Amino acid sequence: MATTNDLKNGMVLKLDNDQLWSVVEFQHVKPGKGPAFVRTKLKNVLSGKIVDKTFNAGVKVETATVDRRDMQFSYMDGEYFVFMDMQTYDQLHVDRKSVGVAANFLIEGFEATVATHEGSVLYVELPAAVELTIQHTEPGVQGDRSTGGSKPATLETGYEIQVPLFITTGEKIKVDTRSGDYLGRVSS
């Protein structure tokens with residue numbers, strides 16, 4: 001338990017029927033008239049939904065312990081993604097729902113942050129950008145290069161993104177893991 005005076009960015013709270021909410025930002029407000037209060041912006045840990053919530057100052061809130069560990073993606077085991085803790089070499093099986101959109105950018109050997117609470121996996125977080133190889137894309141037409149258009153390309157993970165016309169099969173590119181956007185070529 002903590003009070004609203006102890007809030008910090010990144011702290012995880014247990015509110016509304018044991019739902020986990022991460023503090024995105026907070027502000028202590030002391031109006032000239034009336035009691036002080038704390039205005040917060042909270043993000044649901046599982047769904048990613050962001051809400052604004054106001055607490056009276058000094059009110060007790062239940063905190064949750066979220067264990068965030070850097071782990072390496074090892075392999076797929078049926079519908080489960082297997083991650084290995086690099087310090088203890090323990091393996092953790094994570095279902096596709098918990099991995100979420102990160103599944104589109106995971107290949108063996110990639111490191112990710114795996115967040116757990118009371119033994120259950122909450123989410124898997126990749127770095128903001130990853131380097132992947134283009135598995136297949138149609139060749140760009142010579143006259144189209146100056147227009148700045150884009151074409152579909154399949155990554156080595158099987159996920160399809162839009163890339164500029166000059167990108168060819170076998171090239172290594174940088175991809176934004178939050179939006180799935182092409183960020184640029186990777187120079188060899």
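How far apart do the end C-alpha atoms of residues 68–122 lie? Select that span and check: the distance is 10 Å, and the stretch is 7% helix and 56% strand. Helices (H or I, at least four residues) and strands (E, at least two) are DSSP runs, numbered from the N terminus. UniProt, in an unreviewed entry, lists residues 68–122 as "domain: Translation elongation factor P/YeiP central"; its positions are given in the numbering used here, feature names are shortened, and annotations may be inferred rather than shown by experiment.

Before you click on, some housekeeping. You're looking at a predicted model, where local features need pLDDT of at least 70 and side-chain atom pairs count only at pLDDT 80 or more, while totals for chains, interfaces and linings use all residues. Residues are numbered from 1 along each chain as its sequence is written, and side-chain values use heavy atoms, with hydrogens and water left out.

**Stop one: the cores**

Show Phe83, Val99, Leu106, Leu155 and Ile173 as sticks. Within the largest nonpolar core, which has 27 residues, these five touch the most other members. (A nonpolar core is a set of buried Ala, Val, Leu, Ile, Met, Phe, Trp, Tyr and Cys residues joined through side-chain atoms within 4.5 Å; buried means under 20% relative accessible area, exposed over 50%, partly exposed in between, with a 1.4 Å probe and protein chains only.) Now colour the strands: those giving two or more residues to this core include S7 (67–77), S8 (80–85) and S12 (129–137). The largest share, three residues, comes from S12. Apart from this core lies another, of nine residues; pick out Leu15, Trp21, Val23 and Val38 among them.

**Stop two: the salt bridges**

Here a salt bridge is a side-chain nitrogen of Lys or Arg within 4 Å of a carboxyl oxygen of Asp or Glu, and the count by this rule is seven.

Go to Lys14 and Glu118, whose closest N and O atoms are 3.8 Å apart. This bridge joins strand S2 (residues 12–15) to the loop between S10 and S11, across 104 residues. Lys14 is buried at 18% relative accessibility, whereas Glu118 is exposed at 66%.

Next, select Glu125 and Arg68, which meet at 3.0 Å, N to O. They tie strand S11 to strand S7, 57 residues apart. Glu125 is partly exposed at 35%, and Arg68 is partly exposed at 44%.

Finish on Asp85 and Arg69, with closest N and O atoms 2.6 Å apart. Asp85 is buried at 3%, while Arg69 is partly exposed at 32%. Add Asp67 to the selection: Asp67, Arg69 and Asp85 are linked in a network of salt bridges.
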